[in-house]
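Hi,

Here is the structure I promised to pass on. Have a look at it first, then read my notes on the aromatic rings below.

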Amino acid sequence: MQIIGLLSILIAFVALVYFSFKGYSLLYVAPLCALFVAICNQLPLLTSFTQVFMGAFSGIVMDLFLIFLSAILMGRLYMDSGAALSIAKFLMNLFGRNATGRRKQTIAIAICGLTGFALAYGGIDTFCVLFTLFPVVLTLCKEADIPRKYMLGILNIGVATAAVSPGAPLVPNYIPMEILGTSSYAGLIPGIVAALIVFLGGVIYCSRAVHMACDRGLHFEYGPVKVAPEREDRKYPHILLAILPIVSVIIVFNLTGALVAALFTGDIVALLALGYFYCPQEGQSKIRAIATSLNEGCKTAAESICLMAILVGFAAVVQSTPVFNNIVESIMGLPIPAMMLVVLAVAVIVAFTGSPPAGLKIVLPLLSAALAGVAPAAIHRVATISTQTFDTLPFQGAVIVTLGLCGLTHKEGYFPVLMTTVVWTGVAAIVAAIMLTLFPGLA
């Protein structure tokens, strides 16, 4: 029975990846995979769906919908008001005024990474940063002639860097503090090294990939991404107005610690500061143009939260199986160095749960007990970095939603995501683990 249960979970995960690549909606694929797991593990079907699956689904909607809604609305306001274009052009003029060709592309990629890092390290949820940063990256890719297939990989560079960095007010860094009693700057030096690996690795990979793609004749094109056409007579927000909503979010969040309040403040500031710069279509009022923009944002928010919640529901069914506990125990018993065990255990459990917070809450108490002689600060830093390795597998909600946002299929746009958020974060986790194994005093 244990073998059947394990095989059913593996088959379900393979099915999620396969059907994600093929373009099937996870809104029905994930429940079917959960049903398959429940049947193979002899779980009570009614309870598995009405309580376990839907309990997890409704819980994530309750916890995150307002965050998703407010962040996505701000992204729409930035895109449709032209504020994103103002930021992109300002940054390119500042850092790449005379740059052309490959140098301009590399500078644009680095600017995207730094902007994403600043937003995420300022306390904005990493998933929300992707939506807020999207219009900026889109316009920078257009300015530098970067093929759209690399957009999502570029989007994730700064976000992944912030998530592994010491001191970040983000969930992967906060949960270990609660469980292990450590500080946010635990493992400072290995954490800084890991962050540099993620950032530089992402920028170097994306730059080389973009250069090679352009040599093959690829160029930027909007494709299915809907944007307002650029008009010579249109007025665009001044850079100070353009960054005002972002600055307001960071300030309110750091003063209050309330992410929802900070994001809604950003929405209000964006409406007041950027609404004037909307360019309505012929026969359409400015108010109607703003309303249409907000309507589209609300639709995206609803779709996004449902995709994430449906996967969390599937993960909840997997976690309720007896074999899941056996998997956790088997990983914990592997005869490998302590820091490598942390890397493996956290990465695998995050992949199974589909959520860094859920994975950390499951595995950190077990690691703390099993590795009693290891400094909690070392476990903290390596665990935080390791949450980012398998957090962006093809079936993850954030990947699916943002691929759709970029108008890309998995086949077109997932490989750059794999490189920037799985491969380079994996390298960073291993390097940090080796550093803390050889020099435990760095914790």
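One bit of vocabulary before we start: a residue is called buried under 20% relative accessible area, exposed over 50%, and partly exposed in between. Tyr24, at 41%, is therefore partly exposed. Keep in mind that this is a predicted model.

So, how many aromatic pairs does the structure hold? There are eight. One of them joins Phe19 and Tyr24, edge-to-face, with 5.2 Å centre to centre and 90° between the planes. Phe19 has a relative accessible area of 29%, so Phe19 counts as partly exposed as well. Tyr18 comes into this too: ring pairs link Tyr18, Phe19 and Tyr24 into a cluster.

Next, go and find Tyr205 and Phe415. Their rings also pair edge-to-face, at 6.4 Å centre to centre and with 70° between the planes. Where in the chain do the two partners sit? Tyr205 is in helix 9 (residues 188-215) and Phe415 is in helix 18 (residues 410-438), so this pair links distant parts of the chain, 210 residues apart. Is Tyr205 buried or exposed? Tyr205 is buried, because its relative accessible area of 15% falls under the 20% cut-off. Phe415, with 48% relative accessibility, counts as partly exposed.

Last stop: Tyr276. The charged end of Lys286 sits over the ring of Tyr276, 4.6 Å from the ring's centre.

Give me a shout if you get stuck finding any of these.

Cheers

Definitions and conventions: Residues are numbered from 1 along each chain as its sequence is written. This is a predicted model: local features need pLDDT of at least 70, side-chain atom pairs count only at pLDDT 80 or more; totals for chains, interfaces and linings use all residues. Side-chain values use heavy atoms; hydrogens and water are left out. Rings of Phe, Tyr and Trp (its six-membered ring) pair if their centres lie within 6.5 Å; planes under 30 degrees apart count as stacked, over 60 as edge-to-face and the rest as tilted. Buried means under 20% relative accessible area, exposed over 50%, partly exposed in between (1.4 Å probe, protein chains only). Helices (H or I, at least four residues) and strands (E, at least two) are DSSP runs, numbered from the N terminus. A charge sits over a ring if NZ of Lys or CZ of Arg is within 6 Å of the ring centre and within 35 degrees of the ring normal.
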